[in-house]
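Colleague: I've got the model open and I'd like to understand one piece of it properly rather than skim the lot. Could you choose a single part and walk me through it and its surroundings?

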Amino acid sequence: MATTFTTQVNRSIVAAMIVVSLLTLGLFALTGFNRLVQQTQESALRIAQTVAQTPGVRAGAEEESGRQPPSTDAELVAGTLDDYAREVEDRTGALFVVITDDTGRRLAHPRPDEIGDPVSTSPDAALRGEETVSWERGTLGVSARAKVPVYGLDRPGTVVGEVSVGLPPTEVWSTVLADAVPVVLSTALALGVGGLLARFITRRLRERTLGLQPEELLELVHDQQAVLQGVDDGVVGLSGDDVVTVCNDRAVALLGLDHPVGRRVEEAIGHAGVLARIEGARAAATTTETADGGPAAGPDAPPDPPLVVDGRLVYVDVHEVRREGRLLGRVVIVRDVTAVEDLSRRLTAVGTLAGALREQRHEFANRIHVVTGLVRAGDTAEALDYLGRIGEHGPVRFPIDDAGLVREPYLQAFLGAKALEAERQGVTLRVGPDADVSGSLLHPEDVTTVLGNLVDNGIAAAVASERTPRWVEVEALRHGDELHLSVMDSGDGAAADPFTPEALPTRVPGPGETGVGETGAGEEAGAAGAAHGHGIGLRLSAEVARRHGGELRLAMGRTERHGAVFVARLERQFEQEDGR
């Protein structure tokens with residue numbers, strides 16, 4: 001079975017601590033040994049200096065240096081110098097105390113048979129008047145030794161011999177071992193603590209990585225990046241304390257974020273609606289915890305309504321991430337449905353026109369039958385007069401007054417279809433006398449989105465009002481490449497005055513909710529909800545107008561003669577050279 005990563009980490013930490021401890025212990029032993037050798041050599045030097053300065057030693061060495069013939073070995077053994085040297089050895093514990101004359105001949109030595117012989121190590125430095133210390137081997141073994149010159153008693157400036165004192169290495173080693181005992185114990189204690197710490201670290205590492213090995217973590221990172229950057233939805237990952245840990249490029253683009261990773265969610269996301277959605281999900285999860293600690297999420301709970309973020313319609317879903325019952329964080333999914341909504345609006349417009357054409361097909365067929373009957377009856381003049389009237393009003397009659405003032409074909413057809421819808425609800429749709437639009441629209445879908453929502457609001461307000469007759473009046477005016485729209489109705493007026501796009505809330509209300517609209521007939525509760533299905537209304541219209549460099553505002557709340565008047569301005573809707 002392969003060794004796990006945490007076990008490898010544990011072993012590596014323990015091995016590193018052992019190596020460090022051994023290096024520390026070795027360095028301590030080396031420095032302690034050198035320090036003790038130096039101290040021992042200094043002790044030997046002090047003993048040698050004391051012996052060399054003793055008057056008896058100075059006198060004896062001076063006497064032997066000038067004697068002719070020199071004393072025999074037996075005389076030296078029986079002399080006082082050797083007895084004094086043995087006494088010093090006994091008092092100081094020295095390995096040896098050797099006294100020589102000015103030629104290096106031993107006058108005192110621990111071994112009597114070697115008295116009178118030359119010393120085994122060079123005495124030249126001491127005989128030149130120098131004091132030396134060393135760690136070297138002689139006839140008595142390895143020792144820390146010191147050599148000092150002996151000056152004559154009657155001739156103070158003359159070197160008459162030297163004293164060599166050696167201290168045994170056993171003292172050095174015993175002192176090193178004695179000093180090393182607490183170091184070894186403390187090292188063993190440190191290793192024990194390090195082993196426990198290593199186990200704690202590996203356990204914490206296993207908990208933090210959820211038991212995953214490095215290879216698995218690497219694969220997760222690769223898979224995460226592939227998934228995050230490959231999906232078309234925005235993904236924002238939050239830790240348990242609401243710090244952004246993951247954010248893909250799509251989320252940055254949809255929410256307009258700037259380096260969000262590593263920042264708290266309140267700092268990273270500036271959109272109030274998205275923050276409210278996250279806070280709502282957090283509060284809901286807190287209040288719906290089950291008895292076993294799991295979230296009691298309702299699978300059939302209705303989805304949250306969409307938000308308008310930077311002119312785009314997005315759904316924001318917040319999901320908790322748990323593993324083994326522990327909350328790891330949250331994932332915020334941002335789904336852009338603007339394109340879907342645009343397609344829905346286009347299909348709605350096409351369906352409206354198709355329905356209007358189906359209704360008018362029968363009328364057109366009836367007119368053809370009338371003309372055919374007149375021609376067959378020989379009433380040619382009457383047939384021509386009838387065709388002339390048809391030519392003035394068009395082959396299909398839309399129930400809208402002054403439709404000819406709006407000569408843009410797409411806009412004219414759209415208003416005609418809306419007039420049919422209004423007629424079915426008992427409302428008259430008419431074009432104002434100041435309307436004047438020619439040329440062709442560059443963005444007809446966006447224009448019909450704005451105008452359609454305003455007209456639907458007006459129809460709903462007129463139907464809900466007690467005023468009669470019920471009507472909605474549309475003004476459309478081209479000015480250069482700009483399109484100006486105005487919608488007035490016979491309703492009871494606006495619920496809020498003044499109305500500005502800046503006052504629009506960022507959350508798009510859900511179906512059945514009453515938003516900023518007209519009194520008693522909220523746009524979502526009326527025809528707008530039925531026509532558009534998502535309850536976007538004025539909010540999306542205002543965002544569409546903004547996107548085209550314009551605005552949507554409430555020009556008048558209500559008067560005695562009419563209800564609310566909404567005006568919209570959209571730029572860059574026509575080619576400059578087209579028309580005027």
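Modeller: Quick bit of bookkeeping: two strands count as paired if DSSP finds at least two bridges between them, and a strand is a DSSP run of E with at least two residues, numbered from the N terminus. This is a predicted model, so local features need pLDDT of at least 70 and side-chain atom pairs count only at pLDDT 80 or more, while totals for chains, interfaces and linings use all residues. Residues are numbered from 1 along each chain as its sequence is written, and side-chain values use heavy atoms, with hydrogens and water left out.

Let's take strand S6, residues 234–239. Six of its six residues are buried (under 20% relative accessible area with a 1.4 Å probe, protein chains only; over 50% would be exposed, and in between partly exposed). The strand is therefore largely enclosed by the rest of the structure. You can see that on both faces: Gly 234, Val 236 and Leu 238 are buried on one side, and Val 235, Gly 237 and Ser 239 are buried on the other.

Now for the neighbours. On S10, residues 326–336, S6 has an antiparallel partner, and six bridges join the two. To find your way across, start at Ser 239, which stands opposite Gly 329 of S10.

The other partner is S7, residues 244–247, which also runs antiparallel to S6 and is joined to it by three bridges. Two of the contacts are handy landmarks: Gly 237 has Val 246 as its bridge partner, and Leu 238 has Val 244. S6 and S7 make a hairpin with four residues between them. Look in that turn for Asp 242, whose phi is positive, at about 65 degrees.

Zooming out, S6 belongs to an open sheet of five strands with antiparallel pairing, in the order S7-S6-S10-S9-S8. The edges are S7 and S8 (307–309), and each has a single partner strand, so one side of each is left without a neighbour in the sheet. From one strand to the next, the twist averages 30 degrees (axes are lines fitted to C-alpha atoms, and angles run from 0 to 180 degrees between N-to-C directions).

So, for S6 itself, picture a strand set between S7 and S10 in the sheet order, with both of its faces covered.
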